[in-house]
Amino acid sequence: MAAGGDQATADCKLLEQHEQEGEKEGWSEATSSEHTKVWKKGDADHNVHIIKASMKFPGVPINHLSELMCNLEVRRQWDKQFSTIEVIEDHGNHRIVYWHFKMPIGVSDRDVIQDTRLTKDGPNVFVTLRNATHPDYPERKGIVRAETILAGYIMRPLGTTDESTPTPTSSSSSSSSPSSQMFFIIQNDVKGLL
């Protein structure tokens, strides 16, 4: 893997470990569709489930998927769950990012600060997210500060993992165009009542 520090390397390995885990390690399927499978798992150390998903993106090359997920200017255009996505510190493949979630009426808005690290391993792109704080972004009245316990994603050209990762069948209409897949895991404590 490309340079990114010992913690980033350890986090990438942890993502891969969770990607390979199944029922034996406590995961249960929550939902699935043609291109997506979602699993959940309890966590004895936290009162928050861990959610993981495997998604296929037929016809979307890895460089486009990576741009949609990692370029925050582009992400602001399509990811409407966040009213604010702001880079606090930018050190290339290592950023501190502030995210503000606008919640429905009657529920306090949430925000979170994350230490994000991008690591490339050949054509594969790993993004790891850890909880962070920043002196210029203290908790604000009326907004509940969430905590990232575990989060990240792995993006790959489709068909580049082992047999357990969903891949399209040979009859897929997108088999002749570059496609990609993403493994995603998240465990955020949104704090308080929703």
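How much space lies in the largest pocket? About 520 Å³. That value comes from a predicted model, as do the others below.

Start with the chain as a whole. The chain has 3 helices and 10 strands. Read from the N terminus, the elements run α-β-β-β-α-α-β-β-β-β-β-β-β. A helix opens the series, and three strands follow. Then come two helices in a row, and strands complete the order. The chain holds 194 residues, and 42% of them are buried. Contacts also reach across the sequence. Take the contacts with a separation of 6 or more: 55% of them join residues 24 or more positions apart.

Now return to the largest pocket. Its lining counts 32 residues. Which of them are the closest to the centre of the pocket? They are Met69, Arg75, Trp99, Leu129 and Tyr153. By class, the lining has 20 nonpolar residues, 8 polar ones and 4 charged ones. Several elements each supply at least two lining residues. The helices among them are α2 (62-70) and α3 (72-78). The strands are β3 (50-57), β5 (94-101), β6 (109-121), β7 (124-131) and β10 (180-189).

Helix α2 deserves a closer look. Its buried residues are Ile62, Leu65, Ser66, Met69 and Cys70. Viewed down the axis of α2, the buried residues fall within an arc of 110 degrees, so they line one face of the helix. Met69 appears in two roles here. Met69 is buried in α2, and Met69 is also among the residues closest to the centre of the largest pocket.

Next, follow the strands. Lysine 37 sits in β2, residues 36-41. Is lysine 37 buried or exposed? Its relative accessibility is 33%, so lysine 37 counts as partly exposed. Lysine 52 lies 15 residues away along the chain, and the two C-alpha atoms are separated by 8.4 Å.

Threonine 84 belongs to strand β4, residues 82-90. Threonine 84 has a relative accessible area of 26% and is partly exposed. Which residues does threonine 84 contact, leaving aside its neighbours within four places in sequence? They are Tyr98, Trp99 and His100. Trp99 is also one of the residues closest to the centre of the largest pocket. Lysine 102 is 18 residues from threonine 84 in sequence; from C-alpha to C-alpha, the two are 8.6 Å apart.

Aspartate 121 has its place in strand β6. With a relative accessible area of 30%, aspartate 121 is partly exposed. Between aspartate 121 and arginine 156 there are 9.7 Å, C-alpha to C-alpha, and the two are 35 residues apart in sequence.

The last stop is lysine 191, in the segment after β10. Lysine 191 counts as partly exposed because its relative accessibility is 30%. Which residues are in contact with lysine 191, apart from its neighbours within four places in sequence? Arg110, Val144, Arg145, Ala146 and Glu147 are. Arginine 110 is 81 residues away from lysine 191 in sequence, yet 8.6 Å away in space, C-alpha to C-alpha. With glutamate 147, the link runs through side chains: a polar contact of 3.3 Å joins lysine 191 and glutamate 147.

Definitions and conventions:
Residues numbered from 1 in each chain as written. Predicted model: local features only at pLDDT ≥ 70, side-chain atom pairs only at ≥ 80, totals over all residues. Heavy atoms only, no water. 1 Å grid on protein atoms, 1.4 Å probe; cavity = no way out; pocket = protein on both sides within 12 Å on 5 of 7 lines; lining within 4 Å. Points joined across faces, edges and corners; volume = space filled by probe spheres on them. Helix = DSSP H or I, 4+ residues; strand = E, 2+ residues; numbered from the N terminus. Nonpolar A, V, L, I, M, F, W, Y, C, P; charged D, E, K, R; others polar. Buried < 20%, exposed > 50% of the residue type's maximum accessible area, 1.4 Å probe, protein only. Contact = heavy atoms within 4.5 Å. Polar contact = N/O pair within 3.5 Å; in protein donor to acceptor, adjacent residues only side chain to side chain. Arc of directions from axis to C-beta.
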